[in-house]
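Dear colleague,

I am passing on the structure we spoke about, with some notes on what turned up when I went through it. Could you read them with the structure open beside you?

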Amino acid sequence: MLCTRLTNARFLTMDPDHPVAHELGIWRGRIVGLDEAVAALPAREVVDLQGATVLPGFIDSHVHLPWTGFKQNTASMAGCTRIEDALAVVAEAVAARNAPGSWVSVVGYDQRALGRHLTAAELDRVSQGHKLYVLHDSGHGCVVNTAVLDLLAADVPHENGFLAEGAMGAARALRLPYSQEELAQSIGRAARTCVAEGITACAEAGIGGALFGHTPVELGAYQLARDKGLLPLRVQLMVSADRLRPVAAHEADGIPRALDLGLRTGFGDDWLSVGALKIFTDGGMMARTAALSAPYEGMDHAGQLQDDPEVLTRSIVDGHLAGWQLAVHAIGDRAADVALDALEEAQRLRPRPDARHRIEHAGLIRPDQLPRFARLGIAAVVQPNFLRYFGDDYAAITGEERAPWLYRGRGFLDHGITLVGSSDRPVTDGSPLRAVQFMVERASESGRLIGPDEGITVDEALYAYTVAGARACRWEDSAGSLTPGKRADLVVLGDDPRRVDVSAIGDIEVVATYVDGREAGKPAV
């Protein structure tokens with residue numbers, strides 16, 4: 001007997017052997033058959049989906065769940081366009097704190113909306129003795145007041161209180177880590193948001209590190225979230241490379257640095273596992289710290305690398321030698337050069353044809369870099385919604401020649417490069433359907449077309465959020481398509497993305513999300 005039979009729907013399976021089905025059978029969280037193979041079987045529950053369209057559950061291959069959860073519960077200056085309004089938000093957050101001298105966090109900060117950066121002196125006027133930490137929306141910078149600057153080492157660089165990249169990490173390190181209970185609750189809040197958008201699995205893009213980590217025992221927070229029933233979707237955890245340390249392994253292993261006990265990609269189970277090693281090579285386009293090979297338009301700098309190229313190369317090579325899949329953050333084309341050089345060197349030293357290394361973001365990729373991606377077998381994990389919401393700004397700061405290279409689609413596919421969809425939530429909107437729409441039409445919210453030749457088909461965009469996402473996370477045997485034997489993770493939509501006008505894809509209703517054969521939020525039958 002089946003646990004559940006879903007009927008009267010259009011199942012777009014993403015499986016070329018059976019591309020469309022109308023019945024799907026589930027037993028113990030797995031798909032057991034389609035159409036005539038299950039139509040006559042008894043089931044404990046039969047669900048009439050009333051003609052809905054069903055896809056494999058979306059896979060978001062690059063998210064930040066704790067940050068998303070905290071952002072949902074933290075004072076925000078998002079939408080402020082005047083300095084005085086932004087400072088009023090900070091003043092209100094300060095007034096809500098009773099403990100003198102405590103830390104006060106504010107999110108939603110973006111100097112582009114305000115016309116310039118806030119300064120430490122301005123924050124001092126509303127701090128009332130508290131330590132202020134105003135996080136940039138990109139996650140690659142923050143503004144702090146003098147009370148925080150006074151605690152930093154004299155050699156930590158800042159610009160009137162604005163700290164970028166490693167300097168921001170120095171400020172973060174001054175604060176006590178979040179507790180595992182706080183993190184678990186934040187993870188749960190963010191995970192519920194993901195599920196509501198049809199996402200059934202995601203990859204957390206960096207735990208435990210100085211830049212985006214929240215505690216040195218962050219993996220335990222995910223275990224706690226799972227134990228408490230707060231994890232309604234599957235999560236793969238990328239570990240920040242700064243958690244590696246020298247190890248005295250046998251010389252035949254060739255492992256210079258590793259996590260304790262040699263833990264690496266693949267450890268865990270269907271619900272919670274360790275994924276890639278996350279390595280940062282540059283910053284972000286929003287904060288103007290992405291490392292470009294030529295200066296930003298109208299500016300006298302070209303961003304920055306996170307460290308000397310030799311140091312970054314050593315981290316990438318050591319991670320490869322230790323057996324990790326690598327997820328290398330590289331937004332600018334100069335950072336991509338460093339990443340490609342290092343990955344090539346790593347494969348030369350120890351060939352691993354199925355390493356599945358990834359470049360996260362691949363935000364600005366020159367034409368000459370595409371063949372190198374393909375030759376090295378590297379997946380490009382992009383965030384289409386960056387251009388949907390920030391495209392006008394990104395096109396302006398990269399200029400007419402480079403703007404068509406931003407967050408490519410067609411260029412990757414035509415070179416045989418695996419194109420993977422993701423969000424980088426909470427930097428911007430996490431909706432896969434809105435991202436799919438952008439990947440096809442390449443239009444920002446203002447209607448500006450950005451690299452229209454990089455547009456792809458709806459089927460290719462859906463593939464990026466299902467089959468390609470599964471492959472990038474090494475889940476292809478259990479997720480990504482509605483194939484017998486795979487997990488019964490699927491999303492029920494109010495319309496077919498392939499049949500509606502492209503401009504309407506982002507507004508399609510997510511009717512229900514099934515994880516492990518059960519509708520999210522409903523008890524087992």
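What follows covers one helix, its aromatic residues, two charged side chains and a histidine. Please bear in mind throughout that this is a predicted model.

The helix is α12, which runs over residues 384-398. Although α12 has 15 residues, its end C-alpha atoms are only 17 Å apart, whereas a straight helix would reach 21 Å at 1.5 Å a residue. Along its course there is a kink of about 90°, and this kink is centred on Phe 390. Just after the helix, Gly 399 takes a positive phi of about 95°.

As for its surroundings, α12 is mostly covered, with 11 of its 15 residues buried. Among these buried residues are Pro 384, Asn 385, Arg 388, Gly 391 and Thr 398. The buried residues of α12 pack against two helices, α3 (111-114) and α14 (432-441), and against two strands, β16 (358-361) and β17 (379-382).

Phe 390, on which the kink is centred, also takes part in an aromatic pair with Tyr 394: the ring centres are 6.0 Å apart, within the 6.5 Å cut-off for a pair. Their planes stand at 40°, which lies between the limits of 30 and 60 degrees, and therefore the pair is classed as tilted. The two residues are 4 residues apart in α12, about one turn of the helix. In general, an α-helix has 3.6 residues a turn, so residues three or four places apart point the same way. Both partners are buried, Phe 390 with a relative accessible area of 14% and Tyr 394 at 1%. Ring pairs further link Phe 390 and Tyr 394 with Phe 386 and Tyr 407 into a cluster, and the count for the model comes to 8 aromatic pairs.

Two other rings have a charged side chain over the face. Arg 234 lies over Trp 271, at 4.5 Å from the ring centre, and Lys 278 lies over Phe 212, at 6.0 Å from the ring centre.

Finally, where is His 357 found? His 357 is in the loop between α10 (333-349) and β16, and with a relative accessible area of 4% it is buried, because residues under 20% count as such. Leaving aside residues up to four places away in sequence, the contacts of His 357 include His 320, Trp 324, Gln 347, Arg 352 and Ile 378.

With best wishes

Note on methods
Residues are numbered from 1 along each chain as its sequence is written. This is a predicted model: local features need pLDDT of at least 70, side-chain atom pairs count only at pLDDT 80 or more; totals for chains, interfaces and linings use all residues. Side-chain values use heavy atoms; hydrogens and water are left out. Buried means under 20% relative accessible area, exposed over 50%, partly exposed in between (1.4 Å probe, protein chains only). A charge sits over a ring if NZ of Lys or CZ of Arg is within 6 Å of the ring centre and within 35 degrees of the ring normal. The expected span of a helix is 1.5 Å times one less than its number of residues. The bend at a residue is the angle between axes fitted to the seven residues ending there and the seven starting there. Contact means heavy atoms within 4.5 Å.
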